[in-house]
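Colleague: I'm still finding my feet with protein models, so could you walk me through one small part of this one?

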Amino acid sequence: MKHFFVVIGLFMGTCSAQAQWTQMITGMTNQSIGALYADTTTLYAGSITSVFKSTNLGVNWTSSSSGLPTFTNFYSIVRSGNYLVAAGDAAGIWRSSNSGATWVQTTSGVPANQYATALYAEGNSVYAAFGFTSAFGISTDNGATWTKTANGLPTTQTMTGVAKIGTNLFICHQNLGVYISTDGGTSWASDPGVISSQNKNALIASGNSLIVGVSGASTQSGIFLSTDLGTTWTKVRTGPSVYGLSKNGSTVYAVGDSIDRSTNDGQSWTPADITGLPGSIWNTLQIAGTFAFVNYFGVGVYRRPVSELTDVDNEVSHQVPANYNLEQNYPNPFNPVTNIRFQIPETRFVTLKVYNVLGQEVATLVNDLLQGGDHRAEFNARNLPSGMYLYRLHAGEFTDAKRLIILK
């Protein structure tokens, strides 16, 4: 996956060895974590075999599989009243009344083989986006009993997110876009606004904004925003791919091949440093205490102080540079994502390509007419082997090249 975007107010983090994401898996080991939830300062992480819990901000984890099937693989965990509610690939929906010590399956109103990709809780109500048959579910008793509707929804593929603004409910289909219900979820209509990109992986509401996260080719992936209940959509960030959206207070986080945050209901986004992370984040960023946490398949949970996500001491200048310049990629060596900055003093057609040691092109990061300014390209080498590579910038008559190292 190759991604490019203009840097405005970019946060790159502190470059010391200590300022990076740290794996927190004591008591957990390298688990595949499909769901992560911060309940104030208590963390819950759903793996394929159990639910892990940490009461000391990820320093230690304990697991419980009491009441759970052999295979769980939860995608979402929320709190509703005195219950934790969890759903995913496991059959039905599961609740815990004792902070995750034991779990009980609830299938009242929900087919036993139905899975939910996303949950949203508000008061005593829980809303669910279902897969397989693409449906919406609502529970008004903390997830005990459910009403499942599909009137007006497509009959195939997967719903990937559910949100609420006022009395309006929204649900997102992975391929077909966003649907709206004005009658509490009884019936649905396709919103007139069109999001053309495929793989719409997440939906969230912030203020009066609807935000959709998209993955795919670099020209398709990114973040879409609607401020008129889905009637029209604007792409507010192109690339990298987004696999999850979450919210803490007034800040929205988009995670996937990068981490981006917005403090103005999705109008603009600031990248955060991802140094130390092993690859694409699965589906959420959670805040507990003074730390941010992200989840992964196969390698568990990573942690970093929130202050290192919001510090803007290293913000890039908005001034147009006086000269052409290609910077060394950072981090380097890297696995699998690195960033390449370059500056151009005037509007020029720019190409930025990556080559292997044989001189064969392996990636095109930029191929566009760009205005003068400070720019950044992100290179995701997930599908390339370890080794030395060359990246070359052409801008008008200016040419420069540098080496980078993939170390897996």
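Where in the chain does Val 357 sit, and between which strands?

Modeller: Val 357 belongs to the loop that links strand S32 (348-355) to strand S33 (361-370); strands here are DSSP runs of E with at least two residues, numbered from the N terminus. Keep in mind that this is a predicted model, where local features need pLDDT of at least 70 and side-chain atom pairs count only at pLDDT 80 or more, while totals for chains, interfaces and linings use all residues. Residues are numbered from 1 along each chain as its sequence is written, and side-chain values use heavy atoms, with hydrogens and water left out.

Val 357 is exposed, at 66% relative accessible area (exposed is over 50%, buried under 20%, partly exposed in between, with a 1.4 Å probe and protein chains only). Together with Leu 358, Met 388, Ile 405 and Leu 407, Val 357 makes a nonpolar surface patch of about 510 Å². Such a patch joins nonpolar side chains within 5 Å, from residues with over 30% relative accessible area and no salt bridge (Lys or Arg side-chain nitrogen within 4 Å of an Asp or Glu carboxyl oxygen).

Now for the buried side of things. The largest nonpolar core has 23 residues, and Val 350, Leu 352, Leu 365 and Val 366 are among those touching the most other members. A core here means buried nonpolar residues joined through side-chain atoms within 4.5 Å. S32 and S33, the strands on either side of our loop, each supply at least two residues of this core, as do S31, S34, S35 and S36. Another core, of 17 residues, lies apart from it and includes Tyr 253 and Ile 259.

Key:
Patches are made of residues with over 30% relative accessible area and no salt bridge: like charges are joined within 9 Å, nonpolar side chains (Val, Leu, Ile, Met, Phe, Trp, Tyr) within 5 Å. Accessible areas come from the Shrake-Rupley method with a 1.4 Å probe; for residues, only the protein chains shown count as cover. Helices (H or I, at least four residues) and strands (E, at least two) are DSSP runs, numbered from the N terminus.
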